[in-house]
Protein chains: 2
Amino acid sequence: MAGKKEEFENNPVCEILCVHTDLIESVRETLIPGGQVHQLAELFKTLGDPTRVRIMDALAKNEFCVCDLAELLELSQSATSHQLRVLRSNDLVKYRREGKMVYYSLDDEHVLALYREGLEHISEGRG
Amino acid sequence: MAGKKEEFENNPVCEILCVHTDLIESVRETLIPGGQVHQLAELFKTLGDPTRVRIMDALAKNEFCVCDLAELLELSQSATSHQLRVLRSNDLVKYRREGKMVYYSLDDEHVLALYREGLEHISEGRG
DNA sequence: TGTACATATGAACATATAGACATATGTTGG
DNA sequence: CCAACATATGTCTATATGTTCATATGTACA
């Protein structure tokens, strides 16, 4: 029952047998580092919530203060602020203070491009 | 204590007072429908997991069978297959069968563009 | 047909998170 | 300083989800 796969190299024991070792080794060098994996996942996860998508959609069209966003999207003030905080932490939106009010907008053109790229994907999926 | 905000229209009672009604009404017409909101959130949410990001990253560089992916990313076969299923359901990857093996790759150029757009965002944030 | 391998799926558990509620912070005007 | 308003934040709970373990499906070959 043992010592059956020794016809390969003395690799660390691996249950899987179909591995294309050379390909794996060469691609392994090009994989993005763990830190970037985490950042990238956080970025997409941030966009991966219906409420935040709606906020992004609104901000893609105009700058808004918190209470306008809440009214427009029929959200509570708390929920709106919480989600804006998440978007802010991930550099998806920026804000400027004007008196008591705080106005939010998309952080830059790049964020807008990312959002629209997503929109295109789901649109073409319909054809 | 009551009937204080009747100087506005007889809108449904709203605790918020700072609303820019005209702006909201005009933007409201342009908001994306609920179905698209859901689809878009699902798309981004799918990309919003470290394991799936790593799979996307690998597939952005080469086609892989399941066990190669598992080996390359040091994941269990089950976890790999589960995540590939999620990616497949959201049209982010496609697959082809060859004998016992199933080879996965990115669904199209558009998916790759979306992934790279995300990469650029986190890269520029470093500057 | 039966065995071995590659992949897929089902169930269960631990963790993460969106929103409600209450409250704190920050700003303006008196 | 105090009151009123706009926004932010802490806590809690219900829900969603990633992984593991066990098992099922599918394919090739003897």
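Biologist: In this predicted model, which residues is A:M56 in contact with, leaving aside its neighbours within four places in sequence?

Modeller: They are A:L47, A:L87, A:L92, A:V93, A:L106, A:V111 and A:Y115. Contact here requires heavy atoms within 4.5 Å.

Biologist: What makes A:M56 stand out in the largest nonpolar core?

Modeller: That core has 67 residues, and A:M56 is one of the four that touch the most other members, together with A:L40, B:L40 and B:M56. Membership requires a buried residue, and buried means under 20% relative accessible area. In soluble globular proteins, nonpolar side chains tend to be buried together.

Biologist: Which residues are the closest to DNA strand C?

Modeller: Of the 27 residues that surround the strand, the closest are A:T51, A:R52, A:S78, A:Q83 and B:Y104. Sugar and phosphate make up 69% of the strand C atoms that come within 4 Å of the protein.

Biologist: Why is the approach of B:Y104 to DNA strand C called a polar contact?

Modeller: A side-chain N or O atom of B:Y104 is 2.6 Å from a phosphate oxygen of DNA strand C. The cut-off for a pair of N or O atoms is 3.5 Å, so the pair qualifies. A:S76 has a side-chain N or O atom 3.1 Å from a phosphate oxygen of the strand, and a polar side-chain atom of A:H82 lies 3.4 Å from a base nitrogen.

Biologist: Which element gives the most to the surface near DNA strand C?

Modeller: It is α5(B), with six residues. By class, that surface has nine nonpolar, ten polar and eight charged residues.

Terms used: Residues are numbered from 1 along each chain as its sequence is written. Chains are lettered from A and ligands numbered from 1 in the order in which they are written. This is a predicted model: local features need pLDDT of at least 70, side-chain atom pairs count only at pLDDT 80 or more; totals for chains, interfaces and linings use all residues. Side-chain values use heavy atoms; hydrogens and water are left out. A nonpolar core is a set of buried Ala, Val, Leu, Ile, Met, Phe, Trp, Tyr and Cys residues joined through side-chain atoms within 4.5 Å. Buried means under 20% relative accessible area, exposed over 50%, partly exposed in between (1.4 Å probe, protein chains only). A residue is near a molecule or strand if one of its heavy atoms lies within 4 Å of it. A polar contact is a pair of N or O atoms within 3.5 Å; within protein, one must be able to donate a hydrogen and the other to accept it, and residues adjacent in sequence count only if both atoms are side-chain atoms. Helices (H or I, at least four residues) and strands (E, at least two) are DSSP runs, numbered from the N terminus. Ala, Val, Leu, Ile, Met, Phe, Trp, Tyr, Cys and Pro count as nonpolar, Asp, Glu, Lys and Arg as charged, and the others, Gly among them, as polar.
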